[in-house]
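Okay, thanks for having me. I'd like to walk you through one structure today, from its overall make-up to its cores, its empty spaces and a few odd backbone spots.

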Amino acid sequence: MGRKKKSKKGNEPEPEQLTKAPHSFVVKRGRIGHNCSQLMMDFRKLMEPFTASDLKVKKKSVIKDYVSVAGLLNVTHLVVFTQTPKAVYMRVARLPQGPTLTYKVVDYSLSRDVISSLRKPLIYSTLHQLSPLLVMNGFSGGEQLELKLSTSMWRNMFPSIDVNRVNLNSIRRCLLLNYNEESRLMDVRHYAIRVKPVGLSKTVKKLITTKKIPDLGKFKSVEEVVSKEDLFTESEGEGDDVDESRQVVLPQTISSRGNVVNEKSAVRLVEIGPRMTLELIKVEEGLMNGEVMYHSLIKKTKKEVKEMNQKRQQKLRLKLSRKRQQEENVRRKQKMRSKRQSINHGNEAGSSLQ
């Protein structure tokens, strides 16, 4: 996360493409339940690799603590989970000055629950070493300010992708955001991408893709092995590869077995969680404070908004005035202290001469 790594030649900074990539902190505030805490950890996993995966959240930690170190670590976004007796909330803020979007988590499922419901999950150790591909649906139709801010916020949370230069091996996950204009809810889905070759017999495809080769000693020739259709048992989603809407011609060679450039392969998405349904409640101009630009529950007239802004400005001026007064008191005390010290030194010098 923007920190220098040691090498044989000494301390060398990280590559520019890493330092310029969006980084994030995912934390909690206040007391939250066990499930909400696990949801926070699942969201950290989703945001990898450009997030602080092992960040320890202390009870005394405040937002200013994270903001103060964000610049050193190239952190651009802060995600905060909170919980009340009624609901779970997720705040997404742009560092260091905002804006801040507050979402109500209407419904969610943890990653462990999503994976346990699958018959054949897709999880491996290097799955989260590369950032996910962001796919947004339903965000382009509306002209509302809150929708534009939400679109911009989520787009900037992940590295941009150049379609003409992207390496297909670097795309292993997909984050889908689907906005329903009627219900004003946003569905968050997280998938792993699986690519399989098509146009091959079931036995040949299994022999190419499987890691465990069955016992072939009872067969007399290769032709007999290839013609054997029940050599492998049927697995979940076996017939999905036949669907032509899932098939693409690969412009590049993919590291997974059997997928060759300029040949057809079937693309499948395997959900790995977490799964969330979010409702945008509030948009604030600043970092966790400032002018409320949008609120789904409270509507105010222009006069009320003007009065609130005046009160906020008055409060801010009072705060700055107190700060200046405190700084002036500190300088005055330091001046008096140094004056007393100089007088004491003079007295000591006079007594030594006597």
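So, the protein has eight helices and 13 strands; those are DSSP runs, H or I of at least four residues for helices and E of at least two for strands, numbered from the N terminus. Before I go on: this is a predicted model, where local features need pLDDT of at least 70 and side-chain atom pairs count only at pLDDT 80 or more, while totals for chains, interfaces and linings use all residues. Residues are numbered from 1 along each chain as its sequence is written, and side-chain values use heavy atoms, with hydrogens and water left out.

Of the 354 residues, 33% count as buried, meaning under 20% relative accessible area, with exposed over 50% and partly exposed in between (1.4 Å probe, protein chains only). If you take contacts (heavy atoms within 4.5 Å) with a separation of 6 or more, 67% of them are between residues 24 or more positions apart.

Now the inside. In soluble globular proteins, nonpolar side chains tend to be buried together. By nonpolar core I mean a set of buried Ala, Val, Leu, Ile, Met, Phe, Trp, Tyr and Cys residues joined through side-chain atoms within 4.5 Å. The largest one here has 33 residues, and those touching the most other members are F43, F81, M90, Y103, W154, M186 and L278. Which elements feed it? Among those that each supply at least two residues are helix 2 (34–47), strand 5 (88–94), helix 5 (145–155) and strand 12 (275–284). Helix 2 gives the largest share, six residues. There's also a second, separate core of 14 residues, including V27, I63, L73 and L95.

Have a look at Y103 in the big core. Leaving aside neighbours within four places in sequence, Y103 is in contact with residues including M90, W154, M186 and L278.

Next, empty space. On a 1 Å grid over the protein atoms alone, a cavity is a set of points where a 1.4 Å probe fits but cannot get out; a pocket is an open set with protein on both sides within 12 Å along at least five of seven lines; and lining residues have an atom within 4 Å of a point. Points are joined across faces, edges and corners, and a volume is the space filled by probe spheres set on them. How many cavities of 30 Å³ or more turn up in the whole structure? One, with a volume of about 40 Å³. Among its lining residues are H23, M47, F50, S131 and P159.

The second largest pocket comes out at about 470 Å³. It has 22 lining residues, and closest to its centre are Q17, F50, S131, P159 and S160.

Last bit: the backbone. Most residues other than glycine have a negative phi, and most peptide bonds are trans. The L95 to P96 bond is cis, with omega near 5 degrees, and P96 lies in the loop between strand 5 and strand 6. P99 is in the loop between strand 5 and strand 6 too, and a cis bond joins G98 to P99, with omega about 10 degrees.

Then two positive phi values. R184 has phi near 60 degrees and sits in the loop between strand 8 and strand 9; R184 is partly exposed, at 40% relative accessible area. M288 has phi near 65 degrees, in the loop between strand 12 and strand 13 (292–295). Is M288 buried or exposed? Buried, at 13%.
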